[in-house]
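Student: Hi! Could we go through a protein model together? I'm new to this.
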Amino acid sequence: MTQEQASVITIFGGSGDLARRKLYPALFQLYRHGILHDHFAVIGTARRPWTNEYYRDVIATSLEGEAGAVSDSVHAFASHFYYQSHDVTDADHYVTLRKLSAQLDDKYSAGGNRLFYMAMAPQFFGIIASHIRSEQLLSASGYNRLVIEKPFGHDFDSAKELNDSINSAFDEDQIYRIDHYLGKEMVQSLMAIRFGNPVFKPIWNRDYVDNVQITLAEAVGVEERAGYYETAGALRDMVQNHIMQLIAYVAMPEPESLTPAAVHQAKRSILESLKPLTTAQAADNFVRGQYVGDTPDQRDYVQEDGVAADSKTETFVAGRIELTDSAWTGVPFYVRTGKHMTRKSTQITVNFKPTEHNIFAPVGCPDLSGNSLTIFVEPEEGYRLVVNSKQLGQDYHVGQFPLNFRHTANEIANAPEAYEHLIQDALAGNQTNFTRWHELKATWQYVDKIREAWDASPDMPTYESGSMGPSASDDLLAKYGDSWSWDGSAND
Ligand code: NAD
């Protein structure tokens with residue numbers, strides 16, 4: 001159902017990469033679909049002294065190639081955008097912003113609603129929030145919401161400090177912390193798969209699941225992000241947020257309803273049941289690695305621009321995670337992520353236990369495999385369920401057969417992109433697909449222990465670019481009699 005949302009949206013970091021590549025295209029699609037229409041204005045802020053006209057040209061350029069981006073609609077859309085040169089540390093600049101917001105609210109009848117979007121380096125999040133409060137940018141007549149990008153801190157202490165500072169201006173129910181994985185179609189479909197299918201619902205637990213695997217593989221290297229990546233590494237960049245959120249959706253109990261509170265409560269119960277690690281256990285259960293390569297496109301990580309020659313930043317992580325939740329005790333969640341891996345793909349595989357009683361053993365099938373369900377999150381979007389069945393022929397041989405479904409490229413292209421989903425949710429006041437403080441608290445505390453173990457050891461295995469990571473990652477699973485589930489073909 002299309003319902004127009006009225007708002008004055010202020011984007012801090014309006015000239016940045018995220019704004020141009022993700023936010024403006026997403027806002028345009030919302031405009032195309034009538035969610036933003038007459039009663040909205042966008043104020044872009046950054047340090048540069050741009051005019052409104054120049055800013056609108058930037059908006060138009062960022063929409064090149066977007067579906068529906070014909071000249072008239074782009075022009076009409078861009079006319080709602082205003083630029084305000086802004087230094088985040090200068091209190092007077094917030095006063096200017098407040099006045100501009102009020103003017104635009106009057107002009108577009110935006111109902112006193114304010115959406116503040118922090119699309120800037122995280123060190124500025126706290127100072128912006130405190131100025132929003134002290135310079136009274138919060139509206140008294142409509143809603144006030146804060147959308148905040150990742151990374152949310154770089155460890156538990158910094159995350160808490162950031163949280164405290166944004167809490168000085170915004171309550172938890174006004175804060176929309178982005179983890180863009182939660183805007184992805186196949187992540188949102190996890191609840192439908194789990195709770196909409198009697199065929200899966202009763203067996204989605206430790207009695208029937210042998211192990212769960214999550215791989216977030218990237219084909220690219222660090223690209224131009226070395227400045228940030230050197231301070232983060234794969235553990236903080238991918239595990240603390242995206243992978244932990246996927247674990248929460250795979251393992252959470254059925255929420256009482258689809259309300260944000262019920263879904264968050266279910267997720268929280270899982271993230272707070274991450275089995276605590278000692279430093280020694282963290283070292284045993286987690287493997288890191290750094291890519292090496294000898295082509296101009298795939299050099300050693302330490303040769304990349306902006307990377308220290310002696311960098312100890314990991315570009316790959318694999319780990320074995322356990323939950324104390326009674327539905328999952330003893331079930332390993334194997335996770336891995338890395339740069340310069342074989343191909344870009346995010347896959348979640350639930351490996352079920354084989355049937356206990358095998359009546360086919362006497363006819364030459366001593367080892368029946370368990371079923372497995374793979375959810376392809378991106379770039380392919382779909383499922384594969386592997387079942388046992390009889391192979392054709394006179395003999396009674398049981399083999400494995402994949403049942404495959406993929407959304408078509410056309411369907412994927414026409415579905416909303418993650419940022420479109422998430423900004424629409426924020427405008428509608430739906431916090432379901434945003435992360436809450438208790439989730440971040442639990443995941444940072446878990447991840448900090450791994451960091452602590454690694455910081456105490458100089459060991460940094462390498463892996464060939466274009467591979468699936470260091471051999472230690474395979475060894476980690478082999479130790480438990482397991483191996484990685486992975487579909488290496490783009491179109492199965
Ligand atoms: P960017 O460096 O491209 O843009 C930063 C913006 O902040 C620019 O508009 C710049 O002018 C502005 N700015 C910097 N210092 C300022 C100051 N003192 N006062 C006022 N404005 C100032 O960064 P980005 O890649 O767009 O990332 C923004 C945020 O989004 C970061 O938190 C990043 O981690 C997050 N993020 C980005 C991406 C991405 O794809 N780019 C993906 C996920 C998360």
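Tutor: Sure, let's talk through the model shown above.

Student: What should I know before we start?
Tutor: This is a predicted model, where local features need pLDDT of at least 70, side-chain atom pairs count only at pLDDT 80 or more, and totals for chains, interfaces and linings use all residues. Residues are numbered from 1 along each chain as its sequence is written, and side-chain values use heavy atoms, leaving out hydrogens and water.

Student: Cool. How is the protein divided?
Tutor: Into domain 1 (7–149) and domain 2 (183–417 + 435–478); such bounds come from an automatic or database domain assignment. Their C-alpha centres lie 35 Å apart.

Student: And the ligand, which residues are closest to it?
Tutor: Ser 15, Asp 17, Leu 18, Arg 21 and Met 120 are the closest of the 20 residues that surround the ligand. A residue is counted if one of its heavy atoms lies within 4 Å.

Student: What kinds of residues make up that shell?
Tutor: Nine are nonpolar, five polar and six charged. Here Ala, Val, Leu, Ile, Met, Phe, Trp, Tyr, Cys and Pro count as nonpolar, Asp, Glu, Lys and Arg as charged, and the others, Gly among them, as polar. Helix α1 (residues 17–32) gives the largest share, three residues. Helices (H or I, at least four residues) and strands (E, at least two) are DSSP runs, numbered from the N terminus.

Student: Where does Arg 21 come in?
Tutor: An N or O atom in the side chain of Arg 21 is 2.5 Å from an oxygen atom of the ligand. Taken alone, the ligand exposes 830 Å², and the protein buries 77% of that (Shrake-Rupley method, 1.4 Å probe; for residues, only the protein chains shown count as cover).

Student: New topic: anything odd in the backbone?
Tutor: Most residues other than glycine have a negative phi, and most peptide bonds are trans. Yet Ser 109 has a positive phi of about 50 degrees, and so does His 340.

Student: Are those two buried or exposed?
Tutor: His 340 counts as buried, at 5% relative accessibility, while Ser 109 is partly exposed, at 47%. Buried means under 20% relative accessible area, exposed over 50%, and partly exposed in between (1.4 Å probe, protein chains only).

Student: Which peptide bonds are cis?
Tutor: One joins Lys 150 and Pro 151, with omega about 0 degrees. Another runs from Glu 378 to Pro 379, with omega near -5 degrees. Pro 151 sits in the loop between β5 and α6, and Pro 379 in the loop between β12 (372–378) and β13 (382–390).

How values were computed: A polar contact is a pair of N or O atoms within 3.5 Å; within protein, one must be able to donate a hydrogen and the other to accept it, and residues adjacent in sequence count only if both atoms are side-chain atoms.
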